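The exercises below ask you to work through one protein model, residue by residue. Please try each task on the structure before reading its solution.

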Amino acid sequence: MVLQKSSDLVRINARRTDVFDIFNFKHYIGPNPYLNTGALVFDLALIDSREPLPIEDYIARIAVDAERLVKSDRYPHLASQSYESHADLFAQVVSEVGKLDMDLHLSHWSVKPYPNCTRISVQSLHERTTREIVYIVWDWFEAITQNEDFNFDEQLVKLQNRFRASVYGGPTVYALLRTAYEKGIPAFYLWEEGLMQYGLGKKHVRGIATTFNCDSHLDSEFTTRKDDCKAFLKTLGFPVPEGDIVFSEKEALAAAKQIGYPVAVKPVVGHKGIGVTADVQDSKELVSAYNRALAAIPEDQLTRIIVEKSISGSDFRLLCVNGRFVAATERRPASVVGDGYLTLVELIRQENRKPARLDTPTSPMSKIQIDEAMELYLDEQRLSLDSVIEKGRTVYLRKVANLSAGGISIDATQTVHDDNIILAQDIAQHFQLTCLGIDVITKSLSESWKFSNFAILEINAAPGVLMHLKPSVGESVDVPSHILETFFESGTDARIPIITFNKISVEELQATIDHILLQHPNWTIGAICRDAVFVNRSKKVLSKNYNSNVQTLLRHPKLDLLIAEYGEDILNEEGMFYQSSNIVVLDNPTETEMILVRDVFDGSTVVIKKGNGISVRRKGLIEDYTLGEDEPFTRVYLKETGAIL
């Protein structure tokens, strides 16, 4: 395969010294003529004013450390592959960089030559991130051509931040999305609602992170009222620390004196440990803790702060999914170990440069955050950020084991005492919530709560999963699978039957709807062709964006079956919204429309009409015959609908 050059090619994006030009960007949300996944498609061409370097020279800079002549740590496998063209290498590098050193599930790409350019397609999840990846790889290739330095690490961090800021970049959202992808569960983002949808039609659930539309919003809101929730747990006989709600600094001081130091201070409404201070030893610390809690209260909320007895022990999260205990994690505050030379702030910077602290959807730890709470705690230890720590000394930087501020997570699932598992499950039964995090403090989860220093700190209705999926220390617990299996035993259970046509008229579409409703009168059928959209026989508003109509139908909570037309023009312009069909019906298809049969289920039926010839493929068998003189094509494919009814 040779990347073509043409003197007729007009520079579109290329700079004066560039050898390569990139243009004609197009993003597809789903299957398209080039890939069977969401993809960014673009054209790459050579400008004839300069010659590119040999392919081996680009590989040497990308996959090999040129100074030491050894494979690099980043993309060493690229050096052992062969490439038919510069475009082939470019596509593979874009695909590799597209994983962003986060092991993102983006590994598909294709290269298609044309007379004056090569069309490259790379699997994409977020258009802006993928487009920026392409531009950075382009800059990298041009820097190699010009024998210039290129700070790839700095560019990679920008890309990671771009993805992290996207709707898919949250650790919990991405973990669920990737798990859905691996299990064959359809998943897509609902932009107008700000929610993810898993499954199709009547099979679907919607949610954000670990909160879903089937959860009780009353129960979810109840868990944020820490005072009421604590009182409720106390009525159930579960151990909660003694405490009180205060409305002023004066009341906080009085409550702490009555309870007895040390105490913990936290806002009634809050999350992620924001505004929480543990192990407050005296009135001076209490005033600072009260002010931090006060600052964490949203402006639209009343000033209500909890002062409660501080229990000694380690911080643990018990996680229940669908009322069952699935994981436990110990959380420890961020810390650094001295070397006798570096200051605390330098040790923190050094720690934050570790790959494990990339603070991405797949990294096990966040970066250590420097703030007032840290500096106050260091002051209690008679330290500051400028202190040089002696070699081997561990300095904890916070009282609270807040993972989002740099704390570490240690898997404790296999150590939990049966009594503590029963406790977690008993609590979960009282909440109509898919996921429930129970934060406790105790010396060890291996001891029964009935006979140890054990206290429930709070309930979390939207617990994150990364601490369990990728703990800093210990074994991974596949919490995303537990969550999705609550709704779907397999990818098949997440789908409704789909019939896809390459062309169908409004009249034929209505006839197909009537045929199916005759057999299933209680079904809700969504149907769309280029001229109309229906729910059963009721005509609905047809949006200009074709796939928006398809999404609206698949978002319908009562939809039993989808019928959709995808002709060549739609496939080229928008691609498909969904993957896989149960029946594909093609009437004299073009080459592009034949992509509709490339991704069907093993038991799917494919009906193809060419002239008067009919080919029916089902379960590995092919039946060919010729239509009768007056036999309509509708009769053929309506008969096949019985396979999915």
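**Exercise 1: a residue with unusual phi**

Ala-209 is partly exposed because its relative accessible area is 24%, where buried means under 20%, exposed means over 50% and partly exposed lies in between, computed with a 1.4 Å probe on protein chains only. The model is a predicted one, in which local features need pLDDT of at least 70 and side-chain atom pairs count only at pLDDT 80 or more, while totals for chains, interfaces and linings use all residues. Residues are numbered from 1 along each chain as its sequence is written, and side-chain values use heavy atoms, leaving out hydrogens and water.

Task: find where Ala-209 sits and describe its phi.

Solution. Begin with the place: Ala-209 belongs to the loop between β9 (205-208) and β10 (211-212), where strands (E, at least two residues) and helices (H or I, at least four) are DSSP runs numbered from the N terminus. Next take the backbone angle, which is a positive phi of about 55 degrees although Ala-209 is not a glycine. A second case is Asp-103, whose phi is positive and near 60 degrees, and which lies in the loop between α2 (86-97) and β5 (109-113). As background, most residues other than glycine have a negative phi, and most peptide bonds are trans.

**Exercise 2: a cis bond and a contact**

Task: state which peptide bond is cis, and decide whether Ser-310 is buried or exposed.

Solution. The cis peptide bond joins Tyr-261 and Pro-262, with omega about 0 degrees. Pro-262 is placed in the loop between α8 (249-259) and β12 (263-267). Turning to Ser-310, this residue is in the loop between β14 (305-309) and β15 (314-321), and it counts as buried because its relative accessibility is 14%. If neighbours within four places in sequence are set aside, Ser-310 is in contact (heavy atoms within 4.5 Å) with residues including Pro-262, Val-263 and Asp-279.

**Exercise 3: a buried serine**

Task: identify the residue whose side chain makes a polar contact with that of Ser-581.

Solution. First locate Ser-581, in the loop between α17 (568-573) and β27 (583-587). With a relative accessibility of 3%, Ser-581 counts as buried. The side chain of Ser-581 makes a polar contact of 2.7 Å with that of Thr-500; such a contact is a pair of N or O atoms within 3.5 Å, where within protein one must be able to donate a hydrogen and the other to accept it, and residues adjacent in sequence count only if both atoms are side-chain atoms. Not counting residues up to four places away in sequence, Ser-581 also touches Asp-599, Phe-601 and Ser-604, among others.

**Exercise 4: cysteines**

Task: count the disulfides, then explain why Cys-435 forms no bond with Cys-214.

Solution. A disulfide is a pair of cysteine sulfur atoms within 2.5 Å, and by this rule the count is zero. For Cys-320, which is in no disulfide, the nearest cysteine sulfur is that of Cys-435, 9.8 Å away. The sulfur of Cys-435 has its closest cysteine sulfur in Cys-214, and because the separation is 9.4 Å, it is too far for a bond. Both ends of the first pair are buried, since Cys-320 has a relative accessible area of 1% and Cys-435 a relative accessibility of 1%.
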